[in-house]
Amino acid sequence: MTKHPKRPRDFSQAAKLVVDIASGQVEDREPTPEERGIDPAASAMGRKGGPARAAGMTPERRAEIAKKAAQKRWSR
């Protein structure tokens, strides 16, 4: 899952952004971890943390966690 940069909702602002990207004044890419001030190694570990945790669990344990999360979500 990749996050896309937030785009302006206003039509005029969106049009200006498109022109800025086309003219090269603004880059249409996500900032690197270094540009965001985050350690690249920590960023890489964070991306594989959830799948690595899920791979080490039994299907029953994953279902138990999902049920608990659903109960918390709907109890509000």
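The accessible surface of the protein chain adds up to about 7,100 Å², and carbon and sulfur atoms account for 58% of that. Keep in mind as you look around that this is a predicted model. Buried residues are 7% of the 76 residues in the chain, and we'll meet one of them, aspartate 20, further on.

Let's start with the overall layout. The protein chain has 4 helices and 0 strands, so there is no sheet to look for, since strands here are DSSP runs of E. Walking along the sequence, you get the pattern α-α-α-α. The radius of gyration of the chain is 20 Å, well over the 11 Å that the globule rule gives for 76 residues, so the chain is more spread out than a compact globule. Along the principal axes, the C-alpha atoms fill a box of roughly 55 × 35 × 20 Å.

Now go in from the N-terminal side. Ahead of α1, which covers residues 11-23, you pass arginine 7. Its relative accessibility is 42%, which means arginine 7 counts as partly exposed. Setting aside residues up to four places away in sequence, arginine 7 touches Leu17, Ile21 and Asp28. Glutamate 35 is another matter: 28 residues along the chain from arginine 7, its C-alpha is separated from that of arginine 7 by 20 Å.

Next comes α1 itself. Its 13 residues should span 18 Å at 1.5 Å a residue, and the end C-alpha atoms are indeed 18 Å apart, so the two agree. Aspartate 20 sits in this helix. Is aspartate 20 buried or exposed? With a relative accessible area of 11%, aspartate 20 is buried, because the cut-off for that label is under 20%. Beyond residues up to four places away in sequence, aspartate 20 touches Gln25 and Val26. Aspartate 20 also has a charged partner, lysine 16, and the two form a salt bridge whose closest N and O atoms are 2.7 Å apart. Side chains of opposite charge can pair when their charged atoms come close. Here the spacing along the helix is worth a look: aspartate 20 and lysine 16 are 4 residues apart in α1, so about one helical turn separates them. Once you come out of α1, glycine 24 takes a positive phi of about 85°.

Skip ahead to α3, which runs over residues 40-55. This helix has 16 residues and reaches 23 Å from its first C-alpha to its last, close to the 22 Å expected at 1.5 Å a residue. Don't let the end-to-end figure fool you, though. Where does α3 bend? At glycine 49, by about 45°, with proline 51 following within four residues.

That leaves α4, residues 59-74. Its 16 residues reach 22 Å from the first C-alpha to the last, close to the 22 Å expected. As for cover, α4 has hardly any: the count of buried residues among its 16 is 0.

The individual residues of α4 are worth a tour. Arginine 61 and glutamate 64 both lie in this helix, 3 residues apart, about one turn. Their side chains meet in a salt bridge at 2.9 Å, N to O. Neither partner is buried: arginine 61 counts as partly exposed at 38% relative accessibility, and glutamate 64 as partly exposed at 47%. How many salt bridges does the count come to? It comes to 2 salt bridges: the pair just described, between arginine 61 and glutamate 64, and the one between aspartate 20 and lysine 16.

Arginine 62 is in α4 too, and at 37% relative accessibility it is partly exposed. Leaving aside neighbours within four places in sequence, arginine 62 is in contact with Ala54 and Met57. Ala54 falls within the 40-55 range of α3, so this is a place where the two helices touch, contact here being heavy atoms within 4.5 Å.

Further along α4 you reach glutamine 71, which is exposed, with a relative accessible area of 59%. Glutamine 71 and glutamate 60 are 11 residues apart in sequence and 17 Å apart in space, C-alpha to C-alpha.

How values were computed: Residues numbered from 1 in each chain as written. Predicted model: local features only at pLDDT ≥ 70, side-chain atom pairs only at ≥ 80, totals over all residues. Heavy atoms only, no water. Helix = DSSP H or I, 4+ residues; strand = E, 2+ residues; numbered from the N terminus. Expected span 1.5 Å × (residues − 1). Bend = angle between axes of the 7 residues up to and from the residue. Buried < 20%, exposed > 50% of the residue type's maximum accessible area, 1.4 Å probe, protein only. Rg over C-alpha atoms; globule rule 2.2 N^0.38 Å. Areas by Shrake-Rupley, 256 points an atom, 1.4 Å probe, with all protein chains shown as cover. Salt bridge = Lys/Arg side-chain N within 4 Å of Asp/Glu carboxyl O.
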